[in-house]
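Here is a quick walk through one protein model, written for someone who likes to check geometry by eye. Have the viewer open and follow along.

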Amino acid sequence: MSQLHTNPSEIADRGRELYESKLRSLLEPLNSGKYIVIDIETGEYEMDVDGEVASARAREKRPNGIRYGMRIGHAAWGKVGGNSNRHAK
């Protein structure tokens, strides 16, 4: 499936689709403001009040996964990511 989702637009579309169809009704409104990082290939997700923590846990689960991140209940912090090894020092 990763070859089908090679550009940011396709990744974002798939991430939003997964959120809307499977996760929104489970997570909102009790988790509004938290960050969610969804593996678009498996549908698994990590959620945390800290977006970087959620991203790190998702990366630990599947280092080569294709992920979409967003802030629950907000239009901002929609981001697309794959296999990044950048870490703040």
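A word on confidence before anything else: pLDDT is the predictor's own confidence in each residue, on a scale from 0 to 100. That matters here, as this is a predicted model. The protein has a mean pLDDT of 85, and 78% of its residues reach 70 or more. Among its elements, strand β2 (residues 45-48) comes out with the highest mean pLDDT, 98, while strand β4 (residues 79-81) has the lowest, 56. Over residues 84-89 the pLDDT is below 50, and that stretch has two contacts in the model beyond near neighbours in sequence.

**The strands**

Let's start with β1, residues 35-39, where five of the five residues are buried. Tyr35, Val37 and Asp39 point one way from the strand, Ile36 and Ile38 point the other way, and all are buried.

Which strands does β1 pair with? On one hand there is β2, joined to β1 by four bridges and running antiparallel to it. Within that pairing, tyrosine 35 stands opposite aspartate 48 of β2. The two strands make a hairpin with five residues between them, and glycine 43 in the turn has a positive phi of about 85 degrees. On the other hand there is strand β3 (residues 67-71), also antiparallel to β1, with five bridges between the two.

**Aspartate 39**

Aspartate 39 deserves a closer look. This residue lies in β1, and its bridge partner in β3 is arginine 67. Is aspartate 39 buried or exposed? Its relative accessibility is 7%, so it counts as buried.

What does its side chain reach? The backbone nitrogen of glutamate 41 sits at 2.9 Å from the side chain of aspartate 39. The backbone nitrogen of threonine 42 is 3.2 Å from a polar atom of that same side chain. Leaving aside neighbours within four places in sequence, aspartate 39 is in contact with Leu18, Glu44, Arg62, Gly65, Ile66 and Arg67.

**Salt bridges**

How many salt bridges does a search of the whole structure find? The search turns up 10. Here are three of them:

| Pair | Closest N to O distance |
|---|---|
| Arginine 24 and glutamate 20 | 2.6 Å |
| Glutamate 28 and arginine 24 | 3.2 Å |
| Glutamate 46 and lysine 61 | 2.8 Å |

Take the pair of arginine 24 and glutamate 20. Both belong to helix α1 (residues 8-27), and because they are four residues apart there, about one helical turn separates them. Arginine 24 is partly exposed at 34% relative accessibility, and glutamate 20 is partly exposed too, at 46%. Arginine 24 also forms a salt bridge with glutamate 28, a residue that counts as partly exposed at 23% relative accessibility.

The pair of glutamate 46 and lysine 61 has another setting. With glutamate 46 and lysine 61 meeting at 2.8 Å, the salt bridge links distant parts of the chain: glutamate 46 is in strand β2 and lysine 61 in helix α2 (residues 51-61), 15 residues apart. Glutamate 46 has 13% relative accessibility and counts as buried, whereas lysine 61 is partly exposed, with a relative accessible area of 45%. These two also belong to a network of salt bridges that links Glu44, Glu46, Asp48, Arg57 and Lys61.

**A cis proline**

Glutamate 28 has something else to show. The peptide bond from glutamate 28 to proline 29 is cis, with omega near -5 degrees. Proline 29 is found in the loop between α1 and β1.

**The nonpolar core**

In soluble globular proteins, nonpolar side chains tend to be buried together. In this model, the largest nonpolar core has 13 residues, and those with the most contacts inside it are Tyr19, Leu23, Leu27, Ile36, Ile38 and Ile40. The elements that contribute two or more residues are α1, β1 and β3, and α1 gives the most, with six.

What does tyrosine 19 touch? Not counting residues up to four places away in sequence, tyrosine 19 touches Arg24, Leu27, Glu28, Ile36, Ile38, Met70, Ile72 and Gly73. That list includes Arg24 and Glu28, which meet in one of the salt bridges from the table.

Technical notes
Residues numbered from 1 in each chain as written. Predicted model: local features only at pLDDT ≥ 70, side-chain atom pairs only at ≥ 80, totals over all residues. Heavy atoms only, no water. Contact = heavy atoms within 4.5 Å. Salt bridge = Lys/Arg side-chain N within 4 Å of Asp/Glu carboxyl O. Buried < 20%, exposed > 50% of the residue type's maximum accessible area, 1.4 Å probe, protein only. Pairing = 2+ DSSP bridges. Polar contact = N/O pair within 3.5 Å; in protein donor to acceptor, adjacent residues only side chain to side chain. Core = buried A, V, L, I, M, F, W, Y, C linked by side-chain atoms within 4.5 Å.
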